[in-house]
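I opened this model to go through its fold, its packing and its confidence. My notes follow in the order I looked things up.

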Amino acid sequence: MYVCGRGGSTSGGHGSLDKSITLPPDEIFRNLENAKRFAIDIGGSLTKLAYYSTVQHKVARVRSFDHSGKDIENEPLYEISVQEEITARLHFIKFENTYIETCLDFIKDHLVNTETKVIKATGGGAYKFKDLIEKKLGLKVDKEDVMTCLIKGCNFVLRNIPHEVFAYQKDSDTEFRFQMNHPNIFPYLLVNIGSGVSIVKVETEDKFEWIGGSSIGGGTFWGLGALLTKTKKFDELLQLASKGQHTNVDMLVKDVYGGAYQTLGLSGNLIASSFGKSTTADKEFSKEDMAKSLLHMISNDIGQLACLYAKLHNLDKIYFGGFFIRGHPVTMRTITYSINFFSKGEVQALFLRHEGYLGAIGAFLKGAEQDNPNQYSWGENYAGSSGLMSTSPDVYPMQRTRSGTFDMLEMDRLERPLVNLPLLKDPSTYIPDTVDLTDDAMARKYWLTCFEEALDGVAKRAAASQPDSIDALERAEKFRQKYWNKLQTLRQQPFAYGTLTVRSLLDTREHCLNEFNFPDPYSKVKQKENGIALKCFQSVIESLDSLGWEERQFALVKGLLAGNVFDWGAKAVSDSCKEHKLFTEMNCELNPEYTGFLLQEGPPHKCALIFADNSGIDIILGVFPFVRELLSRGTEVILACNSGPALNDVTYSESLIVTERIAAMDPVIQSALREEKLLLVQTGSSSPCLDLSRLDKGLAVLVRERKTDLVIIEGMGRAIHTNYYAALKCESLKLAVIKNSWLADRLGGKIFSVIFKYEVPCK
């Protein structure tokens with residue numbers, strides 16, 4: 001164990017703020033041996049370290065066997081191998097300046113080989129600690145402009161972390177109200193509250209200007225607060241303020257006017273004079289009340305100043321950051337109230353989950369311009385990130401202490417840029433997820449319990465997927481424990497990673513599996529089921545072709561839904577396949593208002609984009625017959641599958657092999673591939689759910705080029721947990737079978753009810 005900080009034990013008492021901490025080194029500075037580049041942002045109290053590393057992890061690969069001249073009846077469909085892959089990761093660590101020497105010692109001792117000869121530094125403390133950094137790490141310190149770094153960092157997180165931004169609503173059931181990022185993040189106002197206040201208008205990536213500021217900021221709050229309350233620490237002052245009642249010190253409108261204030265159109269609870277009662281009352285005021293009054297006074301001044309600049313420059317959103325904010329509820333509440341009051345609700349006060357890292361991120365980007373990180377898309381790695389923690393004195397005091405001492409953020413570089421689906425009706429209002437579990441306490445309790453109860457089975461599945469690995473059981477247990485801890489954190493702090501959804505719970509589980517080298521626990525299951533389904537393909541097609549036109553349309557949709565309903569490994573499914581009963585046994589009722597889609601015989605759609613769901617029966621006996629029908633009508637098809645594995649979802653690489661085998665059996669598919677009327681693409685996602693605002697750029701380009709006019713989204717994760725309410729510019733079909741009784745009840749149906757939602761956009 002690596003002990004970082006002062007000696008002594010951490011008390012379990014509610015009020016303990018002892019900062020001593022003992023953590024495993026790999027939990028603080030992960031992948032440090034592969035670090036390539038560093039940047040640092042040192043403020044008055046906190047140090048934020050950024051570094052780039054390469055991460056070696058396992059990935060599952062599939063490859064066709066060479067079956068030429070062989071009897072392939074009993075052979076697997078394709079070969080599965082687990083290979084090592086190197087990817088890029090960004091690490092951001094925040095810790096108190098108290099620990100800077102011991103942390104620098106640890107970094108020096110564990111650096112194996114780094115390309116860095118210069119460390120980019122920003123923040124006021126970069127001058128104070130320059131000699132120490134150069135001595136400890138043997139690197140030259142190169143200072144970067146603070147505001148330039150802040151803005152570069154802000155642009156980076158706004159682009160790459162969908163639930164980065166939130167509004168704070170203290171009196172709401174959900175304090176943190178997260179927003180999806182708009183496709184165009186500019187222009188905006190950035191108000192950084194450190195010792196003083198800096199106000200910057202950001203117009204483009206490289207165009208911004210400092211337009212104002214104030215010397216009345218966090219420094220004023222701290223300085224005056226220390227004089228008033230004799231408090232020695234900034235956070236202790238904020239804690240005092242959170243317990244205070246400012247109306248005991250401030251003079252309110254009703255104190256000045258009595259009952260006559262109503263004729264003025266003013267609220268009696270408005271502050272007429274900060275500290276006004278202290279000039280008239282001959283008594284002692286509590287430290288808590290004075291701290292709260294001071295916080296209100298400074299926050300109102302900052303809010304009014306920021307609001308005036310926003311109105312002057314026609315901006316309706318202001319991002320607040322800096323040491324003064326840091327997620328403190330009482331600070332965010334007063335800032336929000338001030339902005340709402342002075343703008344009459346026309347300007348929004350917004351905060352950032354990772355505002356403390358903006359300077360470090362910007363400094364890193366300044367030092368990494370040769371690699372141009374902005375040419376890639378990045379994703380937050382939930383397994384390696386601490387998440388947003390409430391600093392409310394009533395919530396988990398020991399967790400707050402630890403989080404306040406060390407905080408981590410990790411971001412993984414994605415293979416290709418992610419962009420909006422061009423067919424989204426309004427990307428700025430698109431929300432992927434159907435239910436916000438942060439807001440819905442009943443749903444949150446159900447789904448967290450559901451994932452907890454499934455955890456042992458997932459861990460067993462992970463271990464069983466690697467029978468030849470001697471440490472598979474040990475790694476599976478580490479995965480189980482880590483994901484369990486994440487779930488407990490989310491019970492207490494559901495806002496930790498932004499809006500809590502079924503999608504984020506699934507994604508967090510996938511991230512934890514990958515961390516412990518379980519890249520595709522369902523790979524062998526999918527391999528087996530794909531092979532079984534392929535053996536049934538020809539007879540299913542023959543059965544469909546023997547039907548009349550109208551009867552065939554319903555059979556196709558029933559087959560598509562049947563493929564989505566079953567547990568693919570169930571014996572009943574295999575028996576149905578062998579006896580060719582799959583399509584006749586499926587009993588589902590389709591709403592008559594949707595059947596027009598099935599029976600229309602007018603001009604065909606030019607191009608259909610289909611987001612496929614599961615391997616095996618679903619894609620082979622459900623999706624491909626449907627694809628074949630569309631092709632026969634004269635409609636081109638883009639078939640989109642996951643870039644990486646998640647549960648038993650079909651991946652892009654698996655779909656290539658499956659399609660190759662189907663083409664060898666079916667001339668319609670073979671011809672469509674040859675003439676490029678059937679195109680297989682990857683989504684850019686490795687999730688059972690689907691975010692249409694973060695899709696592979698190649699897919700988006702193809703959708704435009706082919707003038708796609710029909711989108712089909714299949715499966716519970718893609719069409720119900722996400723995108724149930726997604727509005728598109730073209731016709732769309734969302735279909736799935738509800739395989740969860742609780743969700744069926746929520747939607748007003750029964751388990752195995754059919755969702756078949758055909759939508760035509762309003763003209």
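**Overall fold**

I began with contacts in the protein chain between residues at least 6 apart in sequence; 74% of them join residues at least 24 apart. Next I checked what I was working with: this is a predicted model. I then looked up the secondary structure, which comes to 26 helices and 26 strands. The protein chain has 763 residues, and buried residues make up 56% of them. I also took the accessible surface, about 33000 Å² for the protein chain. Carbon and sulfur atoms hold 50% of that surface.

**Confidence**

I looked at pLDDT before going into detail. The mean for the protein chain is 84. A value of 70 or more is reached by 87% of the residues. Residues 1-24 fall below 50, and I noted 51 contacts for this stretch beyond near neighbours in sequence. I marked residues 392-404 as well, where pLDDT stays under 50. For that segment the model has 31 contacts beyond four places in sequence.

**Nonpolar cores**

How many residues does the largest nonpolar core have? I found 47. The residues with the most contacts inside this core are I619, I620, F624, L639 and L678. I asked which helix gives the most to this core, and the answer is α21, residues 617-633, with 10 residues.

I followed L678 further. Leaving aside neighbours within four places in sequence, L678 is in contact with F624, V627 and L631, among others. Its list also includes V637, L639 and T659. I669, A672 and L673 are on the list too.

Apart from the core around L678 lies another core, of 42 residues. I noted F166, Y168, V347 and L388 among its members.

**Aromatic rings**

I counted ring pairs next: the structure holds 26 aromatic pairs. I picked Y446 and W447 for a closer look. Their ring centres are 5.0 Å apart and their planes are at 80°, so I logged the pair as edge-to-face. Are the two partners buried or exposed? Y446 counts as partly exposed because its relative accessibility is 25%, above the 20% limit for buried. W447 is buried, at a relative accessible area of 7%.

I also traced a cluster linked by ring pairs. F166, Y168, F176, F178, F320, F351 and F495 belong to it. F166 and Y168 came up earlier, in the core of 42 residues.

**Charges over rings**

I checked two charged side chains against ring faces. The charged end of K94 sits over the ring of Y357, 5.3 Å from the ring centre. R475 lies over the face of F518, and here I read 4.6 Å to the ring centre.

**Two residues in helices**

I looked up T331 in helix α10, which covers residues 329-343. T331 is buried, with a relative accessible area of 0%. What does T331 touch, not counting residues up to four places away in sequence? I listed L238, L295, F324 and I325.

My last entry is C536, in helix α16, residues 523-545. C536 has a relative accessible area of 6%, so I logged it as buried. I then compared C536 with L621: they are 85 residues apart in sequence. In space, their C-alpha atoms are 7.7 Å apart.

Methods: Residues are numbered from 1 along each chain as its sequence is written. Side-chain values use heavy atoms; hydrogens and water are left out. A nonpolar core is a set of buried Ala, Val, Leu, Ile, Met, Phe, Trp, Tyr and Cys residues joined through side-chain atoms within 4.5 Å. Buried means under 20% relative accessible area, exposed over 50%, partly exposed in between (1.4 Å probe, protein chains only). Helices (H or I, at least four residues) and strands (E, at least two) are DSSP runs, numbered from the N terminus. Contact means heavy atoms within 4.5 Å. Rings of Phe, Tyr and Trp (its six-membered ring) pair if their centres lie within 6.5 Å; planes under 30 degrees apart count as stacked, over 60 as edge-to-face and the rest as tilted. A charge sits over a ring if NZ of Lys or CZ of Arg is within 6 Å of the ring centre and within 35 degrees of the ring normal. Accessible areas come from the Shrake-Rupley method with a 1.4 Å probe; for residues, only the protein chains shown count as cover. pLDDT is the predictor's confidence in each residue, from 0 to 100.
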